[in-house]
Amino acid sequence: MSSPKRFLIPDGYNQESRAKFAEVRMRLAWELYRDLLVKYMPGAEYEVWLSSDEESRDGYTVDELKAFDGILWPGCNLTVYHDVPEVKRHLELCERAFEAGLPQFGSCWAIQVATVVCGGSVGPCDKGREMGVGQKILLTEEGVKHPMFAGKPRVYSHFMSHDDEVKALPAAGVHLAGNGWSDVQAAAFTYKNGEMWAIQYHPEYDLNEVARLIEAREEKLTRLGFFGDNHGTTMKDYVTRLDQLVAAPHRKDLRWQLGIDDDILDDGVRELEFKNWIEHFYG
């Protein structure tokens, strides 16, 4: 009988940010990936690295990483082009994981970390923050052929929450998908001895988690103009309708009003990129 696969989940949210998620009853970033992992690989083991906590270790050596079978990167509210220790730890981890030859998968923050590690560039989104339901993501010709998107519709929507975007992919990165907001919404990186599949959106979220995330970000989203009196919709109005759709996902009126369809309500479509990664590297 083979040993269970073992994964490292680096979570860069600090204690204050994690407390805010708990306040709105949202699962933590590492918990979302843990749940996705054990759903598609029952019995898998994992280690969580809360890398922004002062009492946490500084990082992992290449030899220490070889004790794992893969790295799972959740989202994070750090900024990859900020020269701070919390960011450096994640850049070093990603670089060493490539050197160790570990398969890596991740969302949002992950594609930005991989881009910088492999020599590309990341900066603020030209159109500002993309939040909630990202529309009309289109697979490139390379994306259509890539195993991450086997069975995926050519055009789809997905959950978004990002201020930054990939500005220039490195030579080690293959452009797999994009939309009108950010040209790079998915990429695969082959660098040193390893491979990483990364997406700008969040297959680990479901509609309930997105509603909770919007609650957690109320002040910022209102300041950025997503909600407010000038637009006639408050955060609570919007989140209430999301919650109603969570309770009754077949309601035609709410699907139409919110622009939400099966590509993000159906787990089998929304989580397909991660499922394909598991099957490709561990199946």
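**Exercise 1. Find what follows helix 5, then decide whether helix 5 is enclosed or open.**

Solution. Work in this predicted model.
- Start just after helix 5: Gly 119 has a positive phi there, about 105°.
- Step back into the helix, which covers residues 109-117.
- Apply the cut-off: a residue is buried when its relative accessible area is under 20%.
- Eight of the nine residues pass, so helix 5 is largely enclosed by the rest of the structure.
- Name them: Trp 109, Ala 110, Ile 111, Gln 112, Val 113, Ala 114, Thr 115 and Val 117.

**Exercise 2. Describe the setting of Met 148: its place, its exposure and its contacts.**

Solution.
- Locate the residue. Met 148 sits in the loop that joins helix 6 (141-145) to strand 7 (155-162).
- Check its exposure. The relative accessibility of Met 148 is 0%, so the residue counts as buried.
- List the contacts, leaving out residues up to four places away in sequence. Met 148 touches Phe 105, Leu 176, Ala 186, Ala 187, Trp 197, Ala 198, Ile 199, Leu 272, Glu 273 and Asn 276.
- Take one partner, Ala 187. It is 39 residues from Met 148 along the chain, and their C-alpha atoms are 9.6 Å apart.

**Exercise 3. Set Ser 56 beside that picture: give its loop, its contacts and its separation from Ala 172.**

Solution.
- Ser 56 also belongs to a loop, the one between strand 2 (45-50) and helix 3 (62-65).
- Set aside neighbours within four places in sequence. Ser 56 is then in contact with Trp 49 and Leu 50.
- Now go further along the chain. Ala 172 is 116 residues from Ser 56, with 31 Å between the C-alpha atoms.

**Exercise 4. Lys 136 and Lys 192 both have a positive phi. Give the value, the place and the exposure of each.**

Solution.
- Lys 136 has phi near 50°, a positive value in a residue other than glycine.
- Its place is in strand 6, residues 130-139.
- With a relative accessible area of 64%, Lys 136 is exposed.
- Lys 192 has phi near 50°, again positive in a residue other than glycine.
- Its place is the loop between strand 10 (186-191) and strand 11 (194-199).
- At 45% relative accessible area, Lys 192 is partly exposed.

**Exercise 5. Trace the nonpolar cores of the chain.**

Solution.
- Begin with a general rule. In soluble globular proteins, nonpolar side chains tend to be buried together.
- The largest nonpolar core here has 55 residues.
- Leu 72, Phe 105, Ile 214, Phe 274 and Trp 277 have the most contacts inside it.
- Follow Phe 274. Beyond residues up to four places away in sequence, Phe 274 touches Tyr 33, Leu 36, Leu 37, Tyr 40, Leu 72 and Phe 105.
- Apart from the largest core lies another, of 34 residues, including Leu 93, Cys 94, Met 196 and Ala 198.

**Exercise 6. Judge the chain as a whole: is it compact or extended?**

Solution.
- Count the elements: 13 helices and 11 strands.
- Compare sizes. The radius of gyration is 18 Å, close to the 19 Å of the globule rule for 283 residues, so the chain is as compact as a globular protein of that length.
- Add the span. The C-alpha trace covers about 55 × 40 × 40 Å along its principal axes.
- Add the burial. Of the 283 residues, 52% count as buried.
- Look at contacts with a separation of 6 or more. Residues 24 or more positions apart supply 72% of them.
- Finish at the surface. The chain exposes about 12,600 Å², and carbon and sulfur atoms supply 48% of it.

Methods. Residues numbered from 1 in each chain as written. Predicted model: local features only at pLDDT ≥ 70, side-chain atom pairs only at ≥ 80, totals over all residues. Heavy atoms only, no water. Helix = DSSP H or I, 4+ residues; strand = E, 2+ residues; numbered from the N terminus. Rg over C-alpha atoms; globule rule 2.2 N^0.38 Å. Buried < 20%, exposed > 50% of the residue type's maximum accessible area, 1.4 Å probe, protein only. Contact = heavy atoms within 4.5 Å. Areas by Shrake-Rupley, 256 points an atom, 1.4 Å probe, with all protein chains shown as cover. Core = buried A, V, L, I, M, F, W, Y, C linked by side-chain atoms within 4.5 Å.
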